[in-house]
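Subject: Structure for you to look at

Dear colleague,

I am handing over the structure below, together with an account of what was found in it. Please keep it open beside this message as you read.

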Amino acid sequence: MLDELFKRFVKEKTYLSNVSPKTVRYYQQSYNAFKKAVGAELPTRNLLNDFVVKLRENGMSANGANVYIGGMNSFLSWLWENNQTSEHLKIRKLKGENKVIQSFSDQQLRTLLSFRPSSFAEHRLYALLCLVIDTGLRIEECLTLTRSKIDFDNLFLTVNGKGNKARVVPLSQELRKVLYRWSRHHDSELFFSTRHGSKLSYRNSLRDFQNLAKKLGITGVRIGWHTLRHGFALNYVRQGGSLFHLQKALGHSSLQMTRRYVELSNEDLKEMHHKTSLLARIR
């Protein structure tokens with residue numbers, strides 16, 4: 001019975017809420033973890049508690065368990081809204097460790113941007129790097145960007161974010177130069193297409209990025225597109241940008257999600273204290 005309800009949940013999320021295939025996979029992984037832990041029974045409070053206990057007993061971290069908890073909570077809300085449960089059950093997320101994500105240093109970014117591309121793939125990678133560094137776009141938003149959605153004259157581009165929601169994003173004049181140069185390397189409508197005009201896969205884009213970082217000797221930081229997006233968010237706040245504007249730029253549905261991107265380091269706090277110290281100012 002629960003399996004059939006979950007299939008209905010996924011169909012409605014796909015066709016009515018327009019969630020992405022990636023989100024569907026996330027729901028499926030969360031449900032699979034639930035079934036593996038406690039079976040395919042209609043959830044009760046005790047069963048949900050057993051689910052979390054089993055995850056922790058199997059060595060999963062609090063943050064890891066919270067990922068599956070989030071996916072199951074979406075399904076639990078759907079069950080209640082469709083009168084499949086008598087109460088709106090929800091699993092309380094565990095208190096996890098708030099880790100400050102290591103971002104690329106300014107010197108590492110300069111190193112990335114100082115390489116001179118020669119091949120088609122290298123020119124594409126360079127343009128991708130500049131786009132994410134300058135705008136903080138999700139990599140999937142970059143890989144699905146089309147030529148017609150770039151307004152070179154007015155310094156804007158339009159992307160399809162999560163839930164297929166369109167978002168207008170500003171770009172700098174420096175980025176415009178990079179994107180315009182790249183646009184002359186091909187005539188495909190997909191802006192970051194393969195040489196044959198098809199969509200570049202996330203895996204291949206990440207492989208190219210990691211190979212370049214290794215070639216340039218960049219270490220001590222996770223090499224990934226999300227690390228660049230996180231760095232964009234941190235720099236935005238450090239340079240005086242507001243969280244509300246940053247939320248719009250990143251395409252987040254809630255300010256809470258945006259706050260997670262800007263956990264400041266001890267050095268950030270130290271620098272801000274030096275700038276705002278009342279004692280230092282009046283003495």
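**What was found**

Asn18 counts as partly exposed, because its relative accessibility is 34%. Before going further with this residue, please bear in mind that the model is a predicted one. Asn18 sits in the loop between helix 1 (2–15) and helix 2 (21–38), and its phi is positive, about 60°, although it is not a glycine. Most residues other than glycine have a negative phi.

**The chain as a whole**

The protein chain holds 14 helices and three strands, and of its 283 residues, 39% are buried. If one takes the contacts between residues at least 6 apart in sequence, 58% of them join residues that are at least 24 apart.

**Helices 1 to 4**

The two helices on either side of the Asn18 loop, helix 1 and helix 2, have axes that come within 11 Å and cross at roughly 165°. Because angles over 145 degrees count as roughly antiparallel, helix 1 is roughly antiparallel to helix 2. Helix 1 passes helix 2 in a right-handed crossing, and in this contact Leu2, Asp3, Phe6, Phe9, Val10, Lys13 and Thr14 of helix 1 meet Val24, Tyr27, Gln28, Tyr31, Phe34 and Lys35 of helix 2. By class, the residues of the contact between helix 1 and helix 2 are eight nonpolar, two polar and three charged.

Helix 2 also packs on helix 3, and here the axes come within 9 Å while crossing at roughly 95°. At that angle, helix 2 is roughly perpendicular to helix 3. From helix 2, the residues Ser30, Ala33, Phe34, Ala37 and Val38 take part, and they meet Leu47, Leu48, Asp50, Phe51 and Lys54 of helix 3. This contact of helix 2 with helix 3 is made up of seven nonpolar, one polar and two charged residues. Phe34 is a residue to look for in both settings, since it is listed in the contact with helix 1 and again in the contact with helix 3.

Helix 3 (residues 45–57) in turn packs against helix 4 (residues 62–81), with an angle of about 155° and with the axes 10 Å apart. Helix 3 is therefore roughly antiparallel to helix 4, and the crossing of helix 3 past helix 4 is right-handed. On the side of helix 3, Leu48, Phe51, Val52, Leu55 and Arg56 are involved, and they meet Ala62, Ala65, Tyr68, Ile69, Met72 and Leu76 of helix 4. In the contact of helix 3 with helix 4 there are ten nonpolar residues, no polar ones and one charged.

Helix 4 itself has 20 residues and reaches 28 Å from its first C-alpha to its last, which is close to the 28 Å expected at 1.5 Å a residue. Asn83 follows helix 4, with a positive phi near 60°, although Asn83 is not a glycine. Asn83 lies in the loop between helix 4 and helix 5 (106–114), and it counts as exposed because its relative accessibility is 70%.

**Further along the chain**

Cys130 is in helix 6, and it is buried, with a relative accessible area of 10%. Leaving out residues up to four places away in sequence, Cys130 touches Leu113, Leu175 and Val178. Of these, Leu175 is 45 residues from Cys130 in sequence, yet the two are 6.5 Å apart in space, C-alpha to C-alpha.

Arg138 belongs to the loop between helix 6 (120–135) and helix 7 (139–143). Is Arg138 buried or exposed? With a relative accessible area of 14%, Arg138 is buried, because buried means under 20%. Apart from its neighbours within four places in sequence, Arg138 is in contact with Gly161, Lys162, Arg167, Arg229, Leu250, Gly251 and His252.

One of those partners, Arg229, is among the buried residues of helix 10, which also include Trp225, Thr227, Leu228, His230, Phe232, Ala233 and Leu234. The 14 residues of helix 10 (residues 225–238) should span 20 Å at 1.5 Å a residue, and the C-alpha atoms at its ends are indeed 20 Å apart, so the two values agree. Just after helix 10 comes Gly240, with a positive phi of about 100°.

With best wishes

Key:
Residues numbered from 1 in each chain as written. Predicted model: local features only at pLDDT ≥ 70, side-chain atom pairs only at ≥ 80, totals over all residues. Heavy atoms only, no water. Axes fitted to C-alpha atoms, helices over the stretch in contact; angles between N-to-C directions. Helix = DSSP H or I, 4+ residues; strand = E, 2+ residues; numbered from the N terminus. Parallel < 35°, antiparallel > 145°, perpendicular 65-115°, else oblique. Left-handed = near helix turned anticlockwise from the far one by under 90°. Contact = heavy atoms within 4.5 Å. Nonpolar A, V, L, I, M, F, W, Y, C, P; charged D, E, K, R; others polar. Buried < 20%, exposed > 50% of the residue type's maximum accessible area, 1.4 Å probe, protein only. Expected span 1.5 Å × (residues − 1).
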